[in-house]
Amino acid sequence: MAADMTELLDDLQAEHADLDALVKDADMSKPSAAAGWTVGDCVGHLWFFDREATTALEEPDAFRANVELLLANPDGYMGSTLEQARALGDDLSATAARQRVVLLDALRKADPAEKVPWYGPPMSPASFATARLMEYWAHGQDIADGLGVTRTPTARLRHIAHLGVRTRGFSYAVRGLSAPEVDVHVALVAPDGSQWTWGEPSAGDRVEGSALDFCLVVTQRRLLDDTDLQVSGDAASEWMQIAQAFAGGGTITDPAIAGLPIG
């Protein structure tokens with residue numbers, strides 16, 4: 001396993017631990033911020049797609065067959081993910097924890113040069129692990145909002161922010177659009193007060209503010225206008241209105257239903 005994957009997988013494991021701590025004594029039947037989903041549904045959603053992620057890594061042909069099922073009946077497929085998770089009942093948390101261990105092991109064994117199939121574009125194992133970390137953080141936000149808990153931001157936000165920047169083109173493509181060939185400079189204040197930057201510093205189009213706000217927007221957990229991000233230029237403004245760091249259709253416009261991305 002590449003050295004950079006070691007740190008990344010340690011961060012993914014830490015995100016798992018944070019979610020466990022968040023739901024440890026929580027009422028799993030309590031509504032989350034994802035419309036129609038309980039806290040338990042969020043955990044179940046993560047379990048289901050951790051299982052699918054493991055299949056994608058270990059049995060890519062079998063995973064591609066599962067994607068065909070999704071394409072044939074998207075609503076039925078998504079409904080079945082919750083049904084399977086709910087069927088676990090009180091065993092959900094333990095089953096989900098075991099699946100996370102299996103997934104981490106599969107990621108450690110993955111060939112860094114081999115692309116992993118997913119519901120969106122195929123990804124390197126490093127990008128794949130980053131996407132799983134992003135999903136845990138985003139659905140953790142759904143749970144925290146539902147429970148009325150404020151989470152402490154960590155340096156792991158850098159992974160999500162990086163994914164948010166890298167998926168700028170995808171945010172357009174998933175809507176059948178082409179991203180403008182204009183560079184956008186992203187300058188974010190990290191939880192420790194340091195600065196994280198992407199893009200050409202002299203670019204006129206800019207996104208500036210806290211890393212937390214940026215991650216909330218690109219995971220569609222908050223609307224841009226509900227954050228303190230400073231956005232300059234038409235290209236940057238357009239991007240931030242449609243930013244999407246997760247696989248799935250680009251139809252989510254309200255954070256109340258932002259718990260529905262695939263994966």
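This short presentation covers one cavity, one helix and several individual residues of the structure shown above.

Good morning, colleagues. Please keep in mind throughout that this is a predicted model.

I shall begin with the internal space. Rolling a probe the size of a water molecule over the atoms shows where empty space is left. How many cavities of 30 Å³ or more are there? The count comes to one, and the volume of the largest cavity is about 30 Å³. Its lining consists of Glu15, Asp18, Leu19, Leu22, Tyr136, Gly140 and Arg151. Sorted by class, three of the lining residues are nonpolar, one is polar and three are charged. Two helices, H1 (3-23) and H6 (125-147), each supply at least two residues of that lining. Which helix gives the most? That is H1, with four residues.

Two of the lining residues, Glu15 and Asp18, bring me to arginine 156. This arginine is placed in the loop between H6 and helix H7 (157-166). Is arginine 156 buried or exposed? With a relative accessible area of 11%, arginine 156 is under the 20% cut-off and therefore counts as buried. Leaving out residues up to four places away in sequence, arginine 156 touches Asp11, Ala14, Glu15, Asp18 and Leu133. Glu15 and Asp18 thus appear both among the contacts of arginine 156 and in the lining of the largest cavity.

I turn next to helix H5, residues 92-109. H5 has 18 residues and spans 26 Å from its first C-alpha to its last, close to the 26 Å expected at 1.5 Å a residue. Its buried residues are Leu92, Thr95, Ala96, Gln99, Arg100, Leu103, Leu104, Ala106 and Leu107. Allow me to single out leucine 103, which is found in this helix. Leucine 103 has a relative accessibility of 1% and so counts as buried. Beyond its neighbours within four places in sequence, leucine 103 is in contact with Asp50, Ala53, Thr54, Leu57 and Arg132. Alanine 62 is 41 residues from leucine 103 in sequence, and their C-alpha atoms are 16 Å apart in space.

Just ahead of this helix comes a loop. Aspartate 90 lies between helix H4 (74-86) and H5. Is aspartate 90 buried or exposed? At 84% relative accessibility, aspartate 90 is over the 50% cut-off and therefore counts as exposed. Aspartate 90 and methionine 28 are 62 residues apart along the chain, while their C-alpha atoms are separated by 9.6 Å.

Now to the cysteines. A disulfide is a covalent bond between the sulfur atoms of two cysteines. How many disulfides does the structure hold? The number is zero. For cysteine 42, the nearest cysteine sulfur is that of cysteine 215, 18 Å away. Cysteine 215 is likewise in no disulfide, and its nearest cysteine sulfur is that of cysteine 42. Cysteine 42 is buried, with a relative accessible area of 0%. Cysteine 215 also counts as buried, at 0% relative accessibility.

My last residue concerns backbone geometry. Most residues other than glycine have a negative phi. Glutamine 220, although not a glycine, has a positive phi of about 60°. Where is glutamine 220 placed? Glutamine 220 is in the loop between helix H9 (211-218) and strand E4 (230-232). At 8% relative accessibility, this glutamine counts as buried.

Thank you for your attention.

How values were computed
Residues are numbered from 1 along each chain as its sequence is written. This is a predicted model: local features need pLDDT of at least 70, side-chain atom pairs count only at pLDDT 80 or more; totals for chains, interfaces and linings use all residues. Side-chain values use heavy atoms; hydrogens and water are left out. On a 1 Å grid over the protein atoms alone, a cavity is a set of points where a 1.4 Å probe fits but cannot get out, and a pocket is an open set with protein on both sides within 12 Å along at least five of seven lines; lining residues have an atom within 4 Å of a point. Grid points are joined across faces, edges and corners, and a volume is the space filled by probe spheres set on the points. Ala, Val, Leu, Ile, Met, Phe, Trp, Tyr, Cys and Pro count as nonpolar, Asp, Glu, Lys and Arg as charged, and the others, Gly among them, as polar. The expected span of a helix is 1.5 Å times one less than its number of residues. Buried means under 20% relative accessible area, exposed over 50%, partly exposed in between (1.4 Å probe, protein chains only). Contact means heavy atoms within 4.5 Å. A disulfide is a pair of cysteine sulfur atoms within 2.5 Å.
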